[in-house]
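Trainee: Could you pick one part of this fold and go through it closely with me? I'd like to see how the pieces hang together, not just get a list.

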Amino acid sequence: MGTTVAHLKRGERGIIKEFEDDILPIKLLELGCLPGNEVQLVQVAPLKDPIYINVNGSHIAIRRSMALLIELDIIEDAVAL
């Protein structure tokens, strides 16, 4: 398995990869956790659970176990020279 939401560092962003339809609860899909959408890690709780993410302008708290199921392609920020 590649990089997941649980592997992001604070402020890091990624694009959700394709996944099986039944892997995430419907509520997360309704909130925008869909393939092709951008995810940014906002904050991790002190005991590393839950994880707070920003998806399409919505801040969502998800369990670490669920974050491990959402694979991402990391967005590399270009550095201006």
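Mentor: Let's begin with a term: accessible area here comes from the Shrake-Rupley method with a 1.4 Å probe. On that basis the protein chain exposes about 5,300 Å², and carbon and sulfur atoms supply 52% of it. Keep in mind that what you're looking at is a predicted model.

Before zooming in, get your bearings. The protein chain has two helices and five strands, laid out along the sequence as β-α-β-β-β-α-β. Its radius of gyration is 12 Å, close to the 12 Å the globule rule gives for 81 residues, so the chain is as compact as a globular protein of that length. If you prefer a box, the C-alpha atoms fill one of roughly 45 × 30 × 25 Å along the principal axes. Buried residues make up 32% of the 81. Among contacts with a separation of 6 or more, 55% come from residues 24 or more positions apart.

The part I'd pick is the sheet. It's open, with five strands in the order E4-E3-E2-E1-E5, and the pairing is antiparallel. The edges are E4 (58–62) and E5 (72–74): each has a single partner strand, so one side of each is left without a neighbour in the sheet. From one strand to the next the twist averages 35°. As general background, strands of a sheet pair through backbone hydrogen bonds, either parallel or antiparallel.

Now walk across it, beginning at the E5 edge. E5 pairs with E1 in the antiparallel sense over three bridges, and one match to look for is isoleucine 15 standing opposite aspartate 73 in E5. On its other side, E1 (residues 13–16) is joined to E2 (residues 38–44) by three bridges, again running antiparallel. Here arginine 13 stands opposite glutamine 40 in E2, while glycine 14 has valine 39 as its bridge partner.

Just ahead of E2, have a look at asparagine 37, which sits in the loop between helix H1 (26–30) and E2. Buried or exposed? Asparagine 37 counts as buried, because its relative accessibility is 18% and the cut-off is under 20%. Setting aside neighbours within four places in sequence, asparagine 37 touches Gly14, Ile15, Ile16, Gly32 and Asn56.

Carry on to E2 and E3, which pair in the antiparallel sense over five bridges. Valine 44 stands opposite isoleucine 51 in E3. The hairpin of these two strands has six residues between them, and lysine 48 takes a positive phi near 65° there.

Within E3 (residues 51–55), stop at asparagine 54. Apart from neighbours within four places in sequence, asparagine 54 is in contact with Glu38, Val39, Gln40, Val42 and His59. The side chain of asparagine 54 also reaches the backbone nitrogen of serine 58, at 3.5 Å. Serine 58 is itself in strand E4, so with that polar pair you've followed the chain on to an edge strand of the sheet.

E4 is a good place to compare two residues. Serine 58 counts as partly exposed, at 29% relative accessibility. Isoleucine 62, also in E4, counts as buried because its relative accessibility is 5%. Both have a partner far off in sequence to check. Serine 58 and leucine 31 are 27 residues apart in sequence, yet 7.5 Å apart C-alpha to C-alpha. Isoleucine 62 and leucine 28 are separated by 34 residues, with 8.8 Å between their C-alpha atoms.

What surrounds isoleucine 62, leaving aside neighbours within four places in sequence? Its contacts are Val5, Leu28, Asp49, Pro50, Ile51, Ile53, Ala67 and Ile70. Notice Ile51 in that list: it's the residue that valine 44 stands opposite in the E2–E3 pairing. Leu28 is there too, and its position falls within helix H1 (26–30).

So if you retrace the path on screen, go E5, E1, E2, E3, E4, which is the sheet order read from the other end.

Key: Residues numbered from 1 in each chain as written. Predicted model: local features only at pLDDT ≥ 70, side-chain atom pairs only at ≥ 80, totals over all residues. Heavy atoms only, no water. Pairing = 2+ DSSP bridges. Helix = DSSP H or I, 4+ residues; strand = E, 2+ residues; numbered from the N terminus. Axes fitted to C-alpha atoms, helices over the stretch in contact; angles between N-to-C directions. Polar contact = N/O pair within 3.5 Å; in protein donor to acceptor, adjacent residues only side chain to side chain. Contact = heavy atoms within 4.5 Å. Rg over C-alpha atoms; globule rule 2.2 N^0.38 Å. Buried < 20%, exposed > 50% of the residue type's maximum accessible area, 1.4 Å probe, protein only.
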